[in-house]
Structure formats: structure tokens, C-alpha cells
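Trainee: I am new to this structure and would like a close look at a single part of it. Please take one sheet and follow what surrounds it.

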Amino acid sequence: DGNISARPARTAPGGHRRSPRTAGNAVAVAEQRSTPRSFVMDPPTSIRAAMGADHDDDGDVEPVFIDDGDCEVALDLDEEDDAPMDSDDEIEGDPDAPIEDRDAEGTDVVPPSEDAAAVVRTHRGSVYACAWSPTAADCFATGGGDDCAYVHRIGPDASAVTSVALKAHTDTVSSVAFNHDGSLLATGGLEGRACIWSVSTGELLRTLEGPGGGLEWVRWHPKGNVLLAGSEDFTAWMWNADNAELMQVFAGHSNSVLCGGFSPDGRGVVTGSFDGSLRVWAPRTGECVTLFQGHPFHDGPVTCVDFHAATPGLMLTGSEDNTCRLVSGESGKVLGTLAGHTETVECVGLSADFPFAASGAIDAKCVVWDLNTSQPRTTLMHDKAVSALKWIPGTACLYR
């Protein structure tokens, strides 16, 4: 809706609850009487057939009368019992009042609360990217479908937010990222360019060009001003952001490069692609040193990847095959399969402090995994797809 709202995770889904008005499509109406009554019945079709052709329906068959003594009362309803409603009965109270949902007995519908410290409404289109400064707790950036990025600063009382527009792209801003010291912001656009901005002034410092397709993501080197970007043209590009010099092009995928980044030590580059592969590259030479593709790796496009902060080479990937894979970039082995989703996995995260991982998917689930057993510890439900998550350092808590 064009808004950025720093609010907690949404509540559990209720979209599958049946409406009391549509729970059934038939109503049986019965007539209540104080004593059994006699009925006049026509013979069933099977009886007519047994009578033969000499008996017609109009004159030859006499009515059958059932005496009161031949009837058995299966259920006797007196005036105080709850009888089925007759068509002539009047509804007491407000006829437009909502019908009670007995399937939801004991559950209260709690309207969503506004818990945001601040709400920013600067974008004129959908917001596709958001990043916080690593050094300034009051500064964050956004990118959207209005071809614009913004740097926002929250005031001391969290009620006032100042925003600076960053206008240089000619298509959707798909990714934003701060460098290691928070002084520079990189934005990637679907027109195929990356832009480098001064965070303090909002000035456009450099434009990085080359890719023949839109940029899916941008990531900074953990220690220097080197920018990595994945493109729809099946390649990843690496530039020196200080002088806009192209340092390397990583070619080898056969479809869009959907995710990737630098390893935590900055010595490796990793890319995941729609072609179902994960590649580990040597940054200096551009050579692919490790390839994960085919069994026992994913059987679908690789949508996301995360790195373990303390274990070299340990990565977690998510895929459109609805699973996650724990892999080692150093040994080249698939260490485990995490299967618990029913739709595409959109985001993954490895805890730096505990043997836990988390994954979010289009099936509205956020699953927390025990890496020692590759089994779920818990499943957290949302009302819609889970597209992002982040572990809180030093804790077993996460945002999702």
C-alpha cells in the first residue's frame, strides 16, 4: 500500500474459517405438532412397478391410511424445547445482527492493533525493499515501485520522520543496502543499474552499469566498498563503488540470479539461480569453485540463501521445491534437508548464537528448525506469505 510500518509480526491466519452464513447450502424445515397425525401416502415407485400395468395411478390405487395407534413417536417436542424454526416464526432481536459462528466457540476475534512507532507514507507505489543502517539506529532506507528510493530518519520521539528522495532509477527499485560503515547506500533497479548514494547528503555519487537485465539484489562486501549484484541476464556483477570500476563478472548460470552475497569473511562470492543451482565463486578470478546442482540438492529454483556468521562455508538455501538445504561451501556437501513447507520458501536465516535456523514461505508458515536433528522446533503461522525474517543477535528471537 506504499506504507512502511515498523510493527510486530501479523497474527495467525483465519482465512480458512467457514462463514456461518455459508457453512451449509440446505435447510430442513419441519412442522411441530402436539400429537402424531395421520398421513395419506401414494405407493412408492417400486410398489407401483410390482402392481403391474393393470394398476394406474389415477383410479385403481386406493389411499393407505395410518392409524394413530400404528405410529411411534421418535421425538416429542413440547413448547419449551428447541424446535426447528417454522417459516412463519419471527426472529427475535435485530434480524441484521451477525450470526454466531459456533465453530469458533471460545475464540475471540481481536482486531489488529496499531503498534507502529512511526508510519512513513512517502512512496506512491508498493515498497519492495527496506534496510536499516548498521551504524545509525534512527536511519533506514526504502525502495519501491514508484522508481524511487528514500533515506528516512526517525526523530527522538519516534513521531516525526524526515525523508530524502533518491531519484535516478527509471524502473522499480528492487533492492537497497547500506555499506559496512553506513556512509553509503546502494540501490538496484529493474532497469539494470546500481546507484551509489551519500547517506548524509542524499547525493548520487556513482552509477554502476553493465548488466543486460534488471537487478534482483545488491550486497556490499563486509569490510570494503565493493558492491555485488545479481541480474536477470544470468550473471552477477562486482564493482569498486569508490570509482565505479568493474572488477568481475560471474557467468555460468542458465537463468536469473535470484539471490547471493559475499561470504562473512569476504573471501567468497555465492549466487543462487532460477536454474536450480548454487555456485561458490573465487572473487579474484571469477572461477566457480563449488557447484551445487541436482540430487541431493534442490529440485527447483533457488530463491534465497543465508550464511552462518561463525562457521566458514555453512549456508542455508530455500527453493521453489518447498524445502531448505543446509550445505557446506568448503566441502561441497549437502548436509541436510529441511522439509516442512507446502509452498515456495521465500526467506531463510541461520542463528549465529544457537543451532537454529528459520524459514518463511508462501504457505504463511515460519518454521524454526533444530540443525542437530533437521527437524522443526516450532511452526509460527501468519495470515499471508512470509517474505522476510531476521534473527536478533545474542538471542533465540527473530523478526519475521
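Mentor: What follows goes through one sheet, then the loop and hairpin that come after it, and ends with the salt bridges and one further residue.

The model is predicted. The sheet in question is open and has 4 strands, in the order β5-β6-β7-β8, with antiparallel pairing. Its edges are β5, residues 127-132, and β8, residues 161-166. Each of these two has a single partner strand, so one side of each is left without a neighbour in the sheet. From one strand to the next, the twist averages 20 degrees.

Take the β5 edge in more detail. Its pairing is with β6, residues 139-144, and the two are joined antiparallel over 5 bridges. One place to look is A129, which stands opposite G143 in β6. As a general point, the side chains of a regular strand alternate between the two faces of the sheet.

The loop between β5 and β6 holds D138, while R153 belongs to strand β7, residues 149-154. The side chains of D138 and R153 meet in a salt bridge, with 3.8 Å from N to O. Because of where the two residues lie, the pair ties together parts that are 15 residues apart in sequence. D138 is partly exposed, at a relative accessible area of 31%. R153 also counts as partly exposed, at 31% relative accessibility.

Next comes the stretch after β8. T172 sits in the loop between β8 and β9, the latter covering residues 173-178. With a relative accessibility of 14%, T172 counts as buried, because the cut-off for that word is under 20%. Leaving aside neighbours within four places in sequence, T172 is in contact with Y128, G144, G145, D147, G188, G189 and L190. Of these contacts, Y128 falls in the residue range of β5, and G144 falls in that of β6. G188 and G189 fall within β10, residues 184-189.

That leads to β9 itself. In β9, 6 of the 6 residues are buried, so the strand is largely enclosed by the rest of the structure. β9 runs antiparallel to β10 and is joined to it by 5 bridges. In one of the pairings, V176 has T187 in β10 as its bridge partner. The two strands form a hairpin with 5 residues between them. In the turn, G182 has a positive phi of about 75 degrees.

Now the salt bridges as a set. A search of the whole structure finds 3 of them. Side chains of opposite charge can pair when their charged atoms come close. Besides the one between D138 and R153, there is a salt bridge between R193 and E191, whose closest N and O atoms are 3.6 Å apart. E191 is partly exposed, with a relative accessible area of 23%. D370 and R377 form another, with the closest N and O atoms 3.9 Å apart. D370 is buried, at a relative accessible area of 16%.

R377 also appears in the surroundings of F356, a residue of strand β26, residues 356-361. F356 counts as buried, at 12% relative accessibility. Not counting residues up to four places away in sequence, F356 touches L350, S351, W369, L371, R377, W391 and A396. F356 and S374 are 18 residues apart in sequence, and their C-alpha atoms are 9.4 Å apart in space.

Terms used:
Residues numbered from 1 in each chain as written. Predicted model: local features only at pLDDT ≥ 70, side-chain atom pairs only at ≥ 80, totals over all residues. Heavy atoms only, no water. Pairing = 2+ DSSP bridges. Axes fitted to C-alpha atoms, helices over the stretch in contact; angles between N-to-C directions. Buried < 20%, exposed > 50% of the residue type's maximum accessible area, 1.4 Å probe, protein only. Contact = heavy atoms within 4.5 Å. Salt bridge = Lys/Arg side-chain N within 4 Å of Asp/Glu carboxyl O.
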